[in-house]
Amino acid sequence: MSENKTYYITTPIYYPSDNFHIGHCYTTVTADALARYKKLKGYDVYFLTGSDEHGQKIEDRAKKAGCTPKEFIDPIIDNAKDLWKSLDINYDKFIRTTDEEHVACVQKIMQKLYDQGDIYKGAYEGWYCTPCESFWTESQLVDGKCPDCGREVKLMKEDAYFLKLSKYQPQLEAYLKEHPELMQPETRYNEMYNNFLKPGLKDLCVSRTSVKWGIPVTFDPEQTVYVWVDALSNYISALGYLSDDDSLFQKYWPANLHLVGKEIFRFHTIIWPIMLMALNIPLPQKVYGHGWLTIGGGKISKSKGNYKDPREFVKDYGVDAVRYFLLSEVPFGSDGNFSELLMVERRNSDLCNVLGNLVNRTISMANKYFGGTVSKNVNLTDLDKEVIAYLEAMDKEVDEKVEALNIPNALSLIFDRLQRLNKYIDETEPWKLAKDEASLPRLNDVLYTILEGVRLCAVELEAFIPSTVANIYRQLNVEGSSFANNQFGNTDSYKVVEKPEILFARIDEKELAKKLEEAEKEAAAPVIEHLPEIGIEDFAKVEMTVGEVKESKKHEKADKLLVSKIDIGNGEIRQIVSGIAEHVKPEEFVGKKVIVVTNLKPVKIRGVDSEGMVVCAENGKEIEVITSSLPVGSKLR
């Protein structure tokens, strides 16, 4: 294997968050596994991750906290690094966009693009989503909101500088025809082409005057660099691009893989390649946009009540159980479903039953029958040859899946071999061979086959569950195992530990399910928070009337809203907009007698007049409309 093969892998730099959830960890754990795998295969690997620290939302949060943005960010970065450490992530560099070297590089990039005419001054007017740091056109909005996160956008108008994306669109399209592998998987390529390239690219606003927490533009100090230009540049600033020492850039660029979430795929496959083309720098070989971990088909978030710090999972179930679940659960190019119980089920079935049980009973048999020492097998049966051939085919098959970034299938191939070894034990029945002294040579050969098979599987697993494999190596006394000696029969003999150590203790799934159900009920219970006391005269000001719903339909521009016509008595029909569409079907709402607050000031809700409020009860997750059997027009006292 050539020693000069390099592999440069990156994750996107993360917005500093003090509320990491398990979904945040997927990209970095996957990148770590790929980096480890390539290193074990003999590559010179550089693995980059980091934090994206500029922009309006950081500035706003720091103001609320009463400190500078840098003071606000520093402890959050410490938290992120601690999380990566807890997940056994071994990066080569953690870059911060506040690093002096990065700031200098971004300023030089902007200056270079400006000097060669690829950046020009103009005026920007458009819709901006602060949480996503994204600009959108009117046609790209969904129900008037950000198409990525669904939150409110605001119209921005200011002097700004623009990057000529339109100038480089023909060059990018020509490049993609020759290098379709740049955008992976194929579904993401189709999305980018149909939604962005086909309609035609518009020039990109690359600076702001309204945002002060950012990198100053050298040729116009009133402006700061747009955060995505700032963030994307980290992939080359980390390597010393445009610095006095660009040796890392010369060695590792172009990147072999940018591993990103699907929500930021367009930045990495349209804006970033065009920036590189304008700078006359080779493009990365591949940008892979993976899916999300979801709960019940929805994104994980603290606001939805399905958040839990990943370190709690590590503490309860072990770091490799968490890594294994993340790496095995997200299907190739799609979303994966997460639940704590599902993670434990996978831990029990694969890591405990298949891997842990195999290692434990094999070492136990080696000690029981041969005092822990097993010699190399000599006389192979047809069954042995079949099992060995299956083991020897593993490395090539796994390597093909890893190269295609199909890690779940790569892990499945390894565990198929472990399953086969468990079956091999049942087929050869070592406990019966041990009863006949004449069968002891055969018993030795059987145990050697199993031990060697375990070793080969451990070599393949090392990148994915490293601490567990280190434990297996120690128990087998083969600390020097690697891909360099992963051919069957390369171990002359085994001298295993006297007492096997349990790799994964089984967790009672029924008990856990009961515990989680109780915790969910507790979390769903209404929290009673009393509002300030009011006098009877204040309550008397609220007019509540029994009304009957005559018509009801969903709001044309908001799926969560119902627009209803309600008879409140004396022939008066009120139109009321209510945020209950996720809990009440329009056809089922018609005919109900409901309680209406009838003396509220009329308002417009998403462009529709609303003349009152329907009274509901809420427990945090569920909403129920309060109904009455009294005649229409009855007043509540």
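These legends go with four close-up views of a predicted model.

**View 1. Strand β4 pairs with strand β6.** Here we look at β4, which covers residues 119–129, beside β6, residues 154–163. The two strands run antiparallel to each other and are joined over 10 bridges. To find your way along the pair, start from Gly122, which stands opposite Ala160 in β6.

**View 2. Strand β4 also pairs with strand β5.** This partner, β5, spans residues 134–136, and its pairing with β4 is again antiparallel, this time over 3 bridges. A handy landmark is Tyr128, which sits opposite Phe135 of β5. Tyr128 turns up once more in a nonpolar core of 68 residues, where Val103, Leu165 and Ile215 are also among the members.

**View 3. The largest nonpolar core, with a close look at Trp84.** This core counts 102 residues, and Trp84 is one of those with the most contacts inside it, along with Ile9, Leu87, Leu355, Leu461, Phe464 and Leu476. Helix α18, residues 440–461, supplies the largest share of the core, with 12 residues. The 68-residue core of the previous view lies apart from this one. Leaving out residues up to four places away in sequence, Trp84 touches Tyr14, Phe20, His24, Cys25, Thr28, Thr49, Ile89, Tyr91 and Phe94.

**View 4. A nonpolar patch on the surface.** Ile534, Ile536 and Phe539 together make this patch, which measures about 340 Å². Phe539 belongs to helix α21, residues 536–539. With a relative accessible area of 37%, Phe539 is partly exposed. Nonpolar side chains in soluble globular proteins tend to be buried together.

Note on methods
Residues numbered from 1 in each chain as written. Predicted model: local features only at pLDDT ≥ 70, side-chain atom pairs only at ≥ 80, totals over all residues. Heavy atoms only, no water. Pairing = 2+ DSSP bridges. Helix = DSSP H or I, 4+ residues; strand = E, 2+ residues; numbered from the N terminus. Patch = residues over 30% accessible without salt bridge, like charges linked within 9 Å, V, L, I, M, F, W, Y side chains within 5 Å. Areas by Shrake-Rupley, 256 points an atom, 1.4 Å probe, with all protein chains shown as cover. Salt bridge = Lys/Arg side-chain N within 4 Å of Asp/Glu carboxyl O. Buried < 20%, exposed > 50% of the residue type's maximum accessible area, 1.4 Å probe, protein only. Core = buried A, V, L, I, M, F, W, Y, C linked by side-chain atoms within 4.5 Å. Contact = heavy atoms within 4.5 Å.
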